Every structure is written in C-alpha cells, then in structure tokens.
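Take a look at how aromatic rings pair up and how two helices pack. The structure comes first, then the report.

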Amino acid sequence: MSRLAVEPICPTCHASARHVAPVVPARQLVPAVWLWSTPEATTALKSRDLATILRVYRRLNKLSQERLAALLGYDKTYVSMIETGRRNISDVATRRHIARTLGLPMHALGVTDNDDADFAAMIQFGDSTIRLAEIARQSGRAVDAVNELWPLVARLEARAAEGRAERDTMILLGQGRAALGVSLGTVLPEERLTAAARWTGKALVIAERLGDRAFLAHALRMHGNELRKADHVGAAIARLSRAVAVSEDREGQGAAFALLARAAGEHGDPDLFDLAINGYRERLDDGGGRSMLFNPFTFREIELRGLVTTGRAANAVQIMQTNMPDAAPVAPQWHIIERVTAGQVLLAARQRDGAEDALRTALLAAETHRLPHQIQRTIRAADDGGLIEISTSGQLALQRLNALLAPG
C-alpha cells in the first residue's frame, strides 16, 4: 500500500472486482481553483501581498469593490483601504475568513491549517510518486502503480475541491489523474474500462485549462487510448487526431500516430489506418525511439493488428513471415499484446499450431502480470479460431484472477 494511504484497503482489488471502488472525492472544483491556475493569479499569490491578491481577484472575476465587499461581509471603504495599503490586516481570523470566502490557498495569506504542513510535504514528493508509479506500470506492476496513485490523487482532489489549490497543485493533479486512469486501464477487465477513461477525461479537463501544450497533447493521447479500449472508438479517433495536431515533438507525434493507427484499425477504417501508420513510420525512421509506444517492436504489433482488422490479413501474414522484430518490447505487457496479435495473424494464415503456442504464451504471461483485459482478448482470439482448449484455459485464468483481486 502507498505511504499516502489513509484507509486499509487495496484500491486495485476494489476497482478490479465487481465492488464499489474506494471513494475519491468527485465534487466539482470551485471556480477559484481555475482562477488561481492562471499565470497572473499565480504571480499574485506568490507575492503573499493581500492588497495585490484582492486586486487581481477582482479583475479576473470582473468584480467591483462594492461586490467584493458584499461577498466578504465588509464595507466597500474597508476593502478599498486594504487594496491601497492603508489598512494592514494582521489578524489571523480575518485572513482565514478572506481565504475561505474567496477560495484562496490559506498559506498565500500567511495562514496555515493543521494539515497544511503535511500537505506541503506530500506535494514535494508528488512528482516522484507519479514517476515511480509509471515506472512500475511499464515494468509490469500496474497493480502497484494503482495502489500508489490512488491515495495521492484522492488527497489532491479533496484539496482542490475546497478551492485550496494553486497552479502547481493543479498540474500535479492533472498528471495524477492521467497516470491513475492509464494504470486502471491496464489492470481492469473490459467491462470496467469506462472507469479508466473517466479518469483520463478528468485529466484532460485540467489540461485544457492550464495552457500547457505538452501536457495537453499527453492528456489527449491517454484519454483517446482509454476511450478506444472502452469501445468508444469514434470519440477516441477525435481525441487522437487532435493529439497528432497538438504534439510538437517527434516522439509525442509518433505516439499519437501509434494510438490513432490502433483506433483506426479497430474502427475498420483502412484509409485512416494507413495515414496514421505511415506517419508513425516516418517519425520512427527519423530516429530510434525507446518509449513504450514509440519503438520498432510496438510499431510492428500495431501494423499487424491494424492490417488484420482492416481486412488485409494476407498482408499481415506476409509481414510476419518476412519482417522479424529487431527490437525487444519496452514493457512486459507489450510482449503479451504482441503474442495475442501474432496468434490472430497465424490463425488467418491457418497455422493453428503456431497460433496455439502464441496464445498460450500470452495467457500465461497475462495471468502472471494480473492483466484481465489481455486474458479476455486472448479468449476472444481463441474463440474466433475455434481453439476451445485455450478459450477454456482463459476462462479459468480469468476466474482465478478475479478471485485473487476480490476484496476479502
């Protein structure tokens, strides 16, 4: 369990099984959260000057001094004196009242709550928590990633819902939402993948408001891919097409093209698939890549699967027979994904023995890494090929995994 956890529960077990997941506050963020995410407001908060903060607050909210005074329960003259520096507010209770009424971070006005110091410490290692969780997911330990991210995101959500968040906190919350959604999308069974898409969608909401183009491109890629996995392929294509346009670096564009090719293939759109896979190939040819999505191994898997799903299985068979992969998978789950795809291609080539070997390998690895979605995909491939024994083995593996992840 994460060092941030306050409840003795395993989020992955609850989320993976057919139980209500641990509650992460889902209240709508108060308007002040978005207000203080703007660069101008952030500068005002960093000044720790109450007069400056009130002036910026009024300007951004288009409020008169009279209206602000009414909100605070003060006389207009009193607010005017604060803004012009003729009245210095040193009383802690008054500053706390102003912060709470306007949804300002308490510490910006020199006031601290009992949990402020603890929250500040959490923020300091929040970036590291997200990075380490991503490393865990990519190394095949997605369950650990979820269990580490869930309490961090829960505390950030609660803080932001109270209006006590600045731009840096909102960026961390957006990154946490995206990482949690992707990790859930790795460990959840297909019937629950909508939950993963909801989290990446919430990350996109923050990305749209922050004006950080790189994070926006990342959020679009992650949300688009989770929408695809949740069977909202049309919406996925829209997000991923935009991600291609927004991404500014070669690797980001390559990853966006990779995911767009996957979505276009599942949508049965050969023209869009060819456009996306060619864009992916061009950027990969410009220089090697080693990220999870941007590398030769992943390219080959996406190309093979896309050719099969767009009705060109013969082309996929030819590529598989003549174009052996010249790179290892970046993450263990991609080996599983590739083995399922290989099984589908071999079935199309009527090579049942090879297909059985590939699907058995995928099944064993998927259960080992606790990836129910990949077990379900293996079962579908076996059913389509009439491989009853493998399909039965997959159902049993799924039952074992569900029992393992079921809360006690």
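Helix axes here are lines fitted to C-alpha atoms over the stretch in contact, and the angle between them runs from 0 to 180 degrees between N-to-C directions. This is a predicted model.

**Two packed helices**

Helix H18 covers residues 313–322, and helix H19 covers residues 332–348. They pack at an angle of about 115°, with their axes 9 Å apart. Angles of 65 to 115 degrees count as roughly perpendicular, and H18 and H19 are therefore roughly perpendicular to each other. The crossing of H18 past H19 is left-handed.

Which residues in H18 and H19 meet? H18 brings Ala-313, Ala-316, Val-317 and Met-320. H19 answers with Arg-339, Ala-342, Val-345, Leu-346 and Ala-348. By class, this contact has 8 nonpolar residues, 1 charged residue and no polar ones.

**Aromatic pairs**

A pair of rings is described by the distance of the centres and the angle of the planes. The model has 3 aromatic pairs. Two of them are in the table.

| Pair | Centre to centre | Angle between planes | Type |
|---|---|---|---|
| Tyr-74 and Tyr-78 | 5.0 Å | 75° | edge-to-face |
| Tyr-280 and Phe-299 | 5.1 Å | 75° | edge-to-face |

The pair of Tyr-280 and Phe-299 links distant parts of the chain, 19 residues apart. Tyr-280 sits in helix H16 (residues 270–285), and Phe-299 sits in helix H17 (residues 296–309). Both Tyr-280 and Phe-299 are buried. Ring pairs also join Tyr-280, Phe-294 and Phe-299 into a cluster.

Is Tyr-74 buried or partly exposed? Buried means under 20% relative accessible area. Tyr-74 has 22% relative accessibility, so Tyr-74 counts as partly exposed.

Notes:
Residues are numbered from 1 along each chain as its sequence is written. This is a predicted model: local features need pLDDT of at least 70, side-chain atom pairs count only at pLDDT 80 or more; totals for chains, interfaces and linings use all residues. Side-chain values use heavy atoms; hydrogens and water are left out. Rings of Phe, Tyr and Trp (its six-membered ring) pair if their centres lie within 6.5 Å; planes under 30 degrees apart count as stacked, over 60 as edge-to-face and the rest as tilted. Buried means under 20% relative accessible area, exposed over 50%, partly exposed in between (1.4 Å probe, protein chains only). Helices (H or I, at least four residues) and strands (E, at least two) are DSSP runs, numbered from the N terminus. Angles under 35 degrees count as roughly parallel, over 145 as roughly antiparallel, 65 to 115 as roughly perpendicular and the rest as oblique. A crossing is left-handed if the near helix is turned anticlockwise from the far one by less than a right angle, and right-handed if clockwise. Contact means heavy atoms within 4.5 Å. Ala, Val, Leu, Ile, Met, Phe, Trp, Tyr, Cys and Pro count as nonpolar, Asp, Glu, Lys and Arg as charged, and the others, Gly among them, as polar.
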